[in-house]
Amino acid sequence: MAERQEQAAPDAVLTRIGQVVMLHHGGDREEARRRLLDLWTELGEDGDPLHRCTLAHYLADTQDDPFDELAWDLRALTAAEEHDESPAVRALYPSLHLNLAADYVRLGRAGAARTHLRRARGAAGVLGDDSYGDGVRAAISRMELRLGEGGVES
């Protein structure tokens, strides 16, 4: 009984991350980055891999430099790989790989972009038939068009 209640209890860290993401989406990128970095420090290297994956995933979106964005997206993938038995983490793989593909496109590395795009497509089978899954699948399709026969668009 107590175990069921614990599983149903909201995850306070994910809630905090979500609040900061709303701040970022509201236009305060600098403050969102600062708060997410504070949470990253609070979690530490031994923090829950799902929390670290989620944090790094969103921290990437707050970066100004494409190399910094890539570094955070790679951290997110590494954390996911430490915890990939979780259905919640497996559902993140398509988006994680799609973000890496986009990072590599921005950096002019078409081969690496295509590798992660193939991984995103390969992992997309875990996505639900819902707005999140539809959105990620559509983004994968757009990236496939972008990386078509002509390579990375200029």
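Select Leu117 first: this residue sits in helix H8, which runs over residues 110–123. A word before going on: the model on screen is predicted.

**Stop 1: Leu117**

Is Leu117 buried or exposed? Its relative accessibility is 7%, and the cut-off for buried is under 20%, so Leu117 counts as buried. Now show what surrounds Leu117. Setting aside neighbours within four places in sequence, Leu117 is in contact with Leu98, Ala101, Ile140, Met143, Glu144 and Leu147. Then draw a distance from Leu117 to Leu100, C-alpha to C-alpha. The two are 17 residues apart along the chain, and the viewer should give 8.1 Å.

**Stop 2: helix H7**

Select residues 93–106 next. This is helix H7, with 14 residues. From its first C-alpha to its last, H7 reaches 20 Å, close to the 20 Å expected at 1.5 Å a residue. How many of the residues of H7 are buried? The count is 13 of the 14, so H7 is largely enclosed by the rest of the structure. Move along to Gly108, which follows H7. Gly108 has a positive phi, near 75°.

**Stop 3: the whole chain**

Zoom out and colour by secondary structure. The protein chain has nine helices and zero strands. Read along the sequence, the pattern is α-α-α-α-α-α-α-α-α. Colour by burial instead. Of the 154 residues in the chain, 44% are buried. Contacts are worth a look too. Take those between residues at least 6 apart in sequence: 54% of them join residues at least 24 apart.

**Stop 4: helices H2 and H3**

Select residues 12–25 for H2 and residues 29–43 for H3. The two helices pack at an angle of about 160°, with their axes 8 Å apart. Angles over 145 degrees count as roughly antiparallel, so H2 and H3 fall in that class. H2 passes H3 in a left-handed crossing.

Show the side chains of the contact. From H2, pick Val13, Arg16, Ile17, Val20, Leu23 and His24. From H3, pick Arg29, Glu31, Ala32, Arg35, Leu36, Leu39, Glu42 and Leu43. By class, the residues of this contact divide into eight nonpolar, one polar and five charged.

**Stop 5: along H3**

Keep H3 and hide H2. H3 has 15 residues. Its reach from first C-alpha to last is 21 Å, close to the 21 Å expected at 1.5 Å a residue. Which residues of H3 are buried? They are Glu31, Ala32, Arg33, Leu36, Leu39 and Leu43. Bring H2 back and add H4: the buried residues of H3 pack against these two helices. Step just past the end of H3 to Gly44, which takes a positive phi of about 75°.

**Stop 6: helix H4, two residues**

Select Thr54 in helix H4, residues 49–61. Thr54 has a relative accessible area of 12%, and is therefore buried. What does Thr54 touch, beyond residues up to four places away in sequence? Its partners are Leu14, Ile17 and Leu92. Ile17 should look familiar: this residue of H2 is also part of the contact with H3.

Stay in H4 and select Leu59. Its relative accessible area is 0%, so Leu59 is buried. With neighbours within four places left aside, Leu59 is in contact with Arg33, Leu36, Leu37, Trp40 and Trp72. Arg33 and Leu36 are among the buried residues of H3. Draw a distance from Leu59 to Val21, again C-alpha to C-alpha. It comes to 9.2 Å, for two residues 38 apart in sequence.

**Stop 7: H4 against H5**

Add residues 66–81, which form helix H5. H4 and H5 pack at an angle of about 165°, with their axes 8 Å apart. The two helices are therefore roughly antiparallel to each other. H4 passes H5 in a left-handed crossing.

Finish with the side chains. On the H4 side, select Pro49, Arg52, Cys53, Ala56, His57, Leu59, Ala60 and Asp61. On the H5 side, select Glu69, Trp72, Asp73, Arg75, Ala76, Ala79 and Ala80. Nine residues of this contact are nonpolar, one is polar and five are charged.

Definitions and conventions
Residues are numbered from 1 along each chain as its sequence is written. This is a predicted model: local features need pLDDT of at least 70, side-chain atom pairs count only at pLDDT 80 or more; totals for chains, interfaces and linings use all residues. Side-chain values use heavy atoms; hydrogens and water are left out. Axes are lines fitted to C-alpha atoms, for helices over the stretch in contact, and angles run from 0 to 180 degrees between N-to-C directions. Helices (H or I, at least four residues) and strands (E, at least two) are DSSP runs, numbered from the N terminus. Angles under 35 degrees count as roughly parallel, over 145 as roughly antiparallel, 65 to 115 as roughly perpendicular and the rest as oblique. A crossing is left-handed if the near helix is turned anticlockwise from the far one by less than a right angle, and right-handed if clockwise. Contact means heavy atoms within 4.5 Å. Ala, Val, Leu, Ile, Met, Phe, Trp, Tyr, Cys and Pro count as nonpolar, Asp, Glu, Lys and Arg as charged, and the others, Gly among them, as polar. The expected span of a helix is 1.5 Å times one less than its number of residues. Buried means under 20% relative accessible area, exposed over 50%, partly exposed in between (1.4 Å probe, protein chains only).
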